[in-house]
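Biologist: I should like a close look at a single part of this model, namely the pairing of strands. Please treat it in one connected account.

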There are 2 protein chains.
Amino acid sequence: MINKQWILKNFPVGDIKEGDLVMEETSVPELNENDVLIRNIYLSLDPANRGWMSGRASYVDAMKTGDVMRGGTIGVVEKSKNQKFKEGEIVNCMGGWQEFFITNGKGVRQIPQGTGFPLDSYMSILGMTGMTAYFGLLDITKPQSGETLVVSAAAGAVGSIVCQIGKIKGCKVIGIAGSDEKCQWLVNDLGIDGAINYKTENIRNRLKDLCSDGVDIYFENVGGTITDAVLTRMNINGRISLCGLISGYNAESLVPGPAWGNLLIKRIMLKGFIVFDYFKRYIEAYQDLTTWIKEGKIKYKNHIVPGLENAENSIKKLFSGENEGKLIIKVSEDTTQN
Amino acid sequence: MINKQWILKNFPVGDIKEGDLVMEETSVPELNENDVLIRNIYLSLDPANRGWMSGRASYVDAMKTGDVMRGGTIGVVEKSKNQKFKEGEIVNCMGGWQEFFITNGKGVRQIPQGTGFPLDSYMSILGMTGMTAYFGLLDITKPQSGETLVVSAAAGAVGSIVCQIGKIKGCKVIGIAGSDEKCQWLVNDLGIDGAINYKTENIRNRLKDLCSDGVDIYFENVGGTITDAVLTRMNINGRISLCGLISGYNAESLVPGPAWGNLLIKRIMLKGFIVFDYFKRYIEAYQDLTTWIKEGKIKYKNHIVPGLENAENSIKKLFSGENEGKLIIKVSEDTTQN
């Protein structure tokens with residue numbers, strides 16, 4: 001049995017270039033005692049993947065060149081020599097950029113079947129994306145009704161969920177996104193209060209117009225000049241949830257962060273977070289999110305690209321903003337009953 | 001009666017230059033109903049003063065050119081047409097860079113007399129400096145025994161108090177300062193666990209040596225490259241109290257702050273604060289600090305320069321690090337009984 005795998009050949013410098021990731025074929029070995037063979041169905045492509053390629057340890061171990069590219073997956077158990085997993089079970093794990101994943105089961109968790117939610121939703125709204133939005137907004141910033149929330153990368157997978165949770169909590173929500181179409185989708189389809197196209201509009205002036213009472217909460221996905229603009233409009237004792245800094249992920253040298261001066265004089269509370277820290281509380285988010293989806297209060301878009309061979313080209317869309325919704329590679333057929 | 005006053009003539013660009021502040025004489029006017037005439041005894045010189053000269057509103061109103069330079073003072077009531085204040089009372093207020101200050105009493109508070117603490121201590125350890133150190137460390141970062149605390153500008157007025165409160169709370173305390181003499185004073189006289197001379201030593205390497213268990217708390221007074229070095233050594237879920245950013249105060253253009261990436265991957269909580277926000281809780285700090293001074297657990301140094309005419313030259317010492325302890329101008333004789 002052949003396994004196609006994307007191998008990290010070089011730590012990319014700047015943009016990901018041809019040859020940094022190379023697809024290779026290898027044969028699937030026999031299982032050892034306690035091993036599980038998983039066939040990957042969906043592969044999650046996320047901005048954070050770029051950091052994993054850097055060769056530096058962060059909240060996860062450093063990758064080495066020659067490793068299969070790391071990635072979050074949903075798959076089906078094809079064979080199991082581990083009593084905790086049965087053939088046919090659907091599981092979520094870090095299965096990597098490959099067709100098959102062999103694991104001893106550590107970090108692998110079953111996904112409930114028959115819930116009525118399609119399997120790809122567990123890769124987005126009911127997966128890491130939804131958890132990130134939920135805990136990053138609610139746990140870090142504790143939004144109160146009537147407050148003004150600004151979200152950057154607002155039309156992105158996480159940002160669009162943050163916007164809608166903000167509305168559910170009674171906030172005035174302003175999104176910053178990279179095209180008129182995205183801005184219209186945010187306002188017209190998701191019902192937020194205003195959106196700014198950072199590529200064509202003056203962010204400072206538009207924030208002044210849209211946030212007449214200042215900004216109480218900023219959900220940070222991007223870093224750089226957009227952040228500086230938001231900081232100038234923040235209210236005293238504002239809160240910032242630091243989720244991502246995508247504007248700097250492809251930088252060839254360290255990009256200085258936004259100036260700290262406004263954090264000081266405005267007494268801002270800023271907190272970075274990593275969604276994995278909330279693992280034990282995922283059930284809280286799951287309960288709220290499934291309720292909100294059923295009530296029609298949260299919509300989500302998955303941008304599913306078929307074919308593992310498209311992983312490398314597709315991840316670049318995250319940095320150009322070409323993806324529409326959560327970017328997912330369909331690695332193999334979904335033969336499940338969800 | 002003549003009043004000598006330092007007038008802000010220009011908003012300084014970069015370093016404070018000759019002519020930005022000019023000393024002028026004016027006559028003291030008659031008091032109106034509710035007015036109080038205060039003779040300034042001590043004038044506080046602080047890094048934050050540089051921001052007040054910028055012409056931009058921050059946590060205080062913007063200064064205008066032609067204004068008497070703003071500054072914290074201790075003085076004695078010389079005449080009062082306000083029933084809340086009696087002649088001879090000692091008061092703390094924003095009396096400015098001048099010999100006499102006329103006010104309606106707003107923001108003026110009496111200093112207790114006969115406490116056994118010299119009057120200048122109310123300008124440092126028992127004044128804004130001590131309050132800043134106390135609340136900035138304890139309220140923002142909640143240090144726990146056994147944790148590692150790093151303090152920048154550690155030999156400065158605020159930093160040296162923070163170091164000692166950190167020791168009182170059982171922390172391992174590492175200071176960063178700008179001369180070997182300051183480092184020796186911190187370790188030998190104040191009893192902290194280690195000190196780094198940022199002008200001659202490699203901060204990253206020294207932090208690695210001195211903070212073998214990483215850094216849990218960073219008390220931030222400086223910004224810039226020192227901060228970047230500390231961030232690389234911080235532990236997951238570390239806390240940063242953002243008190244000052246003196247390395248950028250004289251910058252002619254906006255200096256980008258330290259990169260935010262480490263704040264994210266290390267889930268750092270950062271909080272800016274302004275000591276005035278704690279006004280109603282000053283009594284808590286006062287009680288603890290006076291106890292600690294009496295017990296010999298806290299030492300402080302005041303660097304008192306006689307003569308209002310030396311205010312402009314003296315404030316420059318803060319940015320070159322030439323001051324030794326809290327920088328205070330003695331404007332007139334202390335005729336009180338403290």
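Modeller: Two strands are taken to pair if DSSP finds at least two bridges between them. By that criterion, strand E13 (residues 269–272) of chain A pairs with E13(B), since three bridges join the two, and they run antiparallel. Within this pairing, Leu270(A) has Leu270(B) as its bridge partner.

The model is predicted, and the confidence values should be kept in view. Chain A has an average pLDDT of 94, with 98% of its residues scoring at least 70. For the complex, the predictor reports an ipTM of 0.87 and a pTM of 0.90.

The E13 strands belong to a wider arrangement. Twelve strands form an open sheet of mixed pairing, in the order E10(A)-E9(A)-E8(A)-E11(A)-E12(A)-E13(A)-E13(B)-E12(B)-E11(B)-E8(B)-E9(B)-E10(B). The edges are strand E10 (194–197) of chain A and strand E10 (194–197) of chain B, each of which pairs on one side only. Between neighbouring strands of this sheet the average turn is 15°, direction ignored. Towards the edge in chain B, strand E9 (residues 172–177) and E10(B) pair in the parallel sense over four bridges. There, Ala177(B) has Asn197(B) in E10(B) as its bridge partner. Helix H2 (residues 128–141) of chain A packs on the sheet, where it touches strand E11 (215–220), strand E12 (234–242) and E13 of chain A. The direction of helix H2 of chain A makes about 140° with that of E12(A).

The contact between the chains takes in further residues. In it, 26 residues of chain B touch 26 residues of chain A. On the chain B side, the elements that give two or more residues are helix H7 (261–265) and strand E13 (269–272). By class, that side has 17 nonpolar, five polar and four charged residues. Of the interface residues of chain B, 100% are also interface residues in chain A, so the copies meet through the same surface.

The relation between the copies can also be stated geometrically. A turn of 180° with a shift of 0.0 Å along the axis lays chain B on chain A with an RMSD of 0.0 Å. This is the relation of a two-fold axis.

Finally, the place of the sheet within the chain may be given. Chain A is divided into domain 1 (2–124 + 300–330) and domain 2 (128–278 + 286–292); strand E13 of chain A, at residues 269–272, lies within the bounds of domain 2. The centres of the two domains of chain A, taken over C-alpha atoms, are 28 Å apart. Their contact takes 15 residues from domain 1 and 14 residues from domain 2.

Definitions and conventions:
Residues are numbered from 1 along each chain as its sequence is written. Chains are lettered from A and ligands numbered from 1 in the order in which they are written. This is a predicted model: local features need pLDDT of at least 70, side-chain atom pairs count only at pLDDT 80 or more; totals for chains, interfaces and linings use all residues. Copies are superposed by least squares on the C-alpha atoms of residues with pLDDT of at least 70 in both. Two residues are in contact if their C-beta atoms, placed from the backbone, lie within 7 Å. pLDDT is the predictor's confidence in each residue, from 0 to 100. Ala, Val, Leu, Ile, Met, Phe, Trp, Tyr, Cys and Pro count as nonpolar, Asp, Glu, Lys and Arg as charged, and the others, Gly among them, as polar. Domain bounds come from an automatic or database domain assignment. Axes are lines fitted to C-alpha atoms, for helices over the stretch in contact, and angles run from 0 to 180 degrees between N-to-C directions.
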